[in-house]
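Let's take a walk through this structure together. Keep the viewer open beside the text, so that you can find each part as it comes up.

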Amino acid sequence: MPDDVIAPRLQPAEVVEAEAEAAASTGEQTLPRKEDAPPTHGRAARGARRRDAGPPPALATAGILVALLLLWIAGSALELWSSNVLPPPADVGSALVELVQTGTFWQAVRITVTEIVAVFAAALVIGFGLGMLFWKAPYLGRVCEPYLVSFYAVPFIVFYPTMVVIIGLNSWPIIVLATVMATIPMTLNTWIGLAGVSHVFWKLAAVLGCGRRQTIFRIAIPAAAPIVLAGVRLALIYSLIGSVSMEFLLAPNGLGYQIRYQYELFHQNEMVAYVLVVFMLAGLLAITIAAMEGWVLGRRRSS
Amino acid sequence: MSGIAIDNVGMEFTGTNGAPLVALDGIEQRIEDGSFVSIVGPSGCGKSTLLAIVSGLQRPTGGSVTIGDRVVTKPDPRIGVIFQEDSTLPWRTVLGNVKFGMAIAGASKEHQEEQARKMIELVGLEGFEDAYPAKLSGGMRQRVAIARTLALEPEVLLMDEPFGALDPQTRLMIGAEVRRIWQRTGTTVMFVTHDIQEALMLSQEIWVMSYRPGRILDCVEVSLPEDRGLESVGGHDFAELQSRIWEHIRGEVTRGMERSRA
């Protein structure tokens with residue numbers, strides 16, 4: 001497969017994971033195949049080939065969520081834990097219903113979502129650009145690589161108080177630091193993805209007479225897409241974690257701020273309601289990105 | 001269509017110990033317009049290097065290659081190249097892959113569509129137009145690559161161990177198909193392989209190359225019937241040609257192994 005030729009020196013844990021994921025998602029584990037045996041197509045064939053029995057995975061996944069909810073209801077009813085630890089779902093539900101009717105709630109959602117979108121967009125643009133630059137300029141890449149790889153492990157949140165002093169108490173210090181966090185995986189994955197493009201594609205580009213732009217946009221980028229998209233996914237995750245956790249520390253508003261604020265007021269119901277909202281937001285983003293990956297890469301899979 | 005003239009082509013690399021390494025030395029050969037020539041030789045004899053020079057992907061350190069009346073200095077749409085590795089684009093369908101070369105060359109949409117369908121039929125992939133490479137076997141992917149190359153109507157077709165990654169049965173099948181396509185299109189073909197039988201089954205002429213420095217030891221004219229099937233493999237003529245080529249190669253392989261051990 002073209003994606004397994006990767007720059008051997010670039011192997012931070014998360015990138016390796018992302019690659020494994022990308023490799024799995026391109027489904028390149030080749031099973032022994034008979035030459036010219038017509039591959040089976042269509043839904044029916046796919047269903048017949050499914051080896052594991054049971055309900056479809058999506059349904060089973062939803063089932064786990066229902067089970068957890070039931071556990072929550074039962075545990076609260078039987079008072080297995082104090083309602084100070086985790087209030088009953090009915091109380092949290094009614095708190096949530098009340099919250100969504102307030103302007104504060106929507107303002108918090110708006111601020112957090114704006115931060116995430118800004119960070120994600122900036123990380124995509126900067127990370128892709130830097131990845132291309134380091135790939136095009138290997139010397140520069142080698143010089144910067146140790147920093148990039150070790151930055152992966154730095155909890156950038158520790159710089160947050162300093163940033164607040166420098167920039168001020170608003171969304172900007174959050175956006176700046178979360179962008180740094182999210183840009184790193186995007187940069188590394190773009191770089192590794194491009195560096196790992198099979199050499200046969202470069203030869204193909206040469207014999208077909210592709211120009212510079214054609215080689216990059218019509219061959220290199222699509223060939224690197226599985227690994228680059230794994231970077232996109234990581235960038236989104238870091239955008240969310242970075243934004244919410246820094247709001248939690250200190251911020252004028254946002255979902256993270258609301259969680260902490262309600263906690264400090266001993267408003268258990270409201271706090272858990274906000275936590276649930278963050279969960280839902282994370283789930284929504286994860287589904288969006290998975291759908292995008294499926295749309296771009298689905299056709300390349302062998303089954 | 002055009003013949004190929006290889007004039008005194010030499011290729012030197014700098015070896016790992018800094019000493020010059022002569023991969024090709026004074027190759028002087030002609031390929032007539034429309035003929036099918038195979039190059040056999042031990043691993044590392046420079047046969048792929050020679051093909052890369054003819055394709056324009058590498059510049060020789062001496063001599064020149066002329067196709068038709070033009071000297072080869074860089075890759076050129078008149079020269080079609082098929083690689084050993086899978087070069088199908090996994091994000092494009094069979095039809096999209098076959099169209100790709102034409103799209104780069106700037107052909108009109110109508111021409112791309114019409115030509116691609118014709119080529120897919122030529123390589124026997126009708127019904128798979130909308131399939132992605134992941135759904136195809138190695139042999140089928142190589143057919144896609146062949147169709148993509150032929151769609152550009154190259155004057156010469158260079159194949160660098162194109163079936164090297166395929167199993168023996170598939171090689172036989174797809175080899176016969178390449179010969180059939182060559183008979184239909186009349187393209188000049190240069191075919192690199194290390195499989196003597198394959199070379200005998202496919203070509204009109206076989207060049208036997210020596211281990212470093214790469215030189216042409218022998219040009220064998222393949223005096224076998226035009227439509228050679230599997231039955232010719234057992235024939236007397238076939239065996240005689242095979243042993244003639246093998247005699248050359250055996251010595252070279254031994255020499256190569258001793259050299260690389262030293």
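The paragraphs below go from one chain as a whole to a pair of its helices, then to the contact between chains, and end at a single residue.

Please keep in mind from the start that this is a predicted model. Begin with chain B, whose secondary structure comes to seven helices and 10 strands. How compact is chain B for its 262 residues? Its radius of gyration is 19 Å, and the globule rule gives 18 Å for a chain of 262 residues; the two values are close, so chain B is as compact as a globular protein of that length. If you turn the C-alpha trace of chain B along its principal axes, you will find that it spans about 55 × 45 × 35 Å. Buried residues account for 47% of the 262 residues in this chain. Among the contacts in chain B with a separation of 6 or more, 70% are between residues 24 or more positions apart.

Now zoom in on two helices of chain B: α2(B), residues 94-105, and α3(B), residues 109-122. Their axes lie 9 Å apart, and the helices pack at an angle of about 125°. An angle of that value makes α2(B) oblique to α3(B). The crossing in which α2(B) passes α3(B) is right-handed. Which residues meet there? From α2(B) come Val94(B), Leu95(B), Val98(B), Lys99(B), Met102(B) and Ala103(B), while α3(B) brings His111(B), Gln112(B), Gln115(B), Ala116(B), Met119(B) and Ile120(B). Sorted by class, this contact of α2(B) with α3(B) holds eight nonpolar, three polar and one charged residues.

Next, move out to where chain A and chain B touch. The contact takes 21 residues from chain A and 24 residues from chain B. On the side of chain A that touches chain B, the elements giving two or more residues are α9(A), residues 199-208, and α10(A), residues 212-249. Of the elements on this side, α9(A) gives the most, with seven residues. By class, the side of chain A that touches chain B has 10 nonpolar, four polar and seven charged residues.

Finally, stay in chain A and look for Ala62(A), which lies in helix α3(A), residues 57-77. Is Ala62(A) buried or exposed? It has 12 C-beta neighbours inside 10 Å, and therefore counts as exposed, since the cut-off for exposed is 12 or fewer. For a sense of distance, find Leu240(A), 178 residues from Ala62(A) along the chain: the C-alpha atoms of the two are separated by 23 Å.

Conventions
Residues numbered from 1 in each chain as written. Chains lettered and ligands numbered in written order. Predicted model: local features only at pLDDT ≥ 70, side-chain atom pairs only at ≥ 80, totals over all residues. Axes fitted to C-alpha atoms, helices over the stretch in contact; angles between N-to-C directions. Helix = DSSP H or I, 4+ residues; strand = E, 2+ residues; numbered from the N terminus. Parallel < 35°, antiparallel > 145°, perpendicular 65-115°, else oblique. Left-handed = near helix turned anticlockwise from the far one by under 90°. Contact = placed C-beta atoms within 7 Å. Nonpolar A, V, L, I, M, F, W, Y, C, P; charged D, E, K, R; others polar. Rg over C-alpha atoms; globule rule 2.2 N^0.38 Å. Buried ≥ 20, exposed ≤ 12 C-beta atoms within 10 Å, placed from the backbone.
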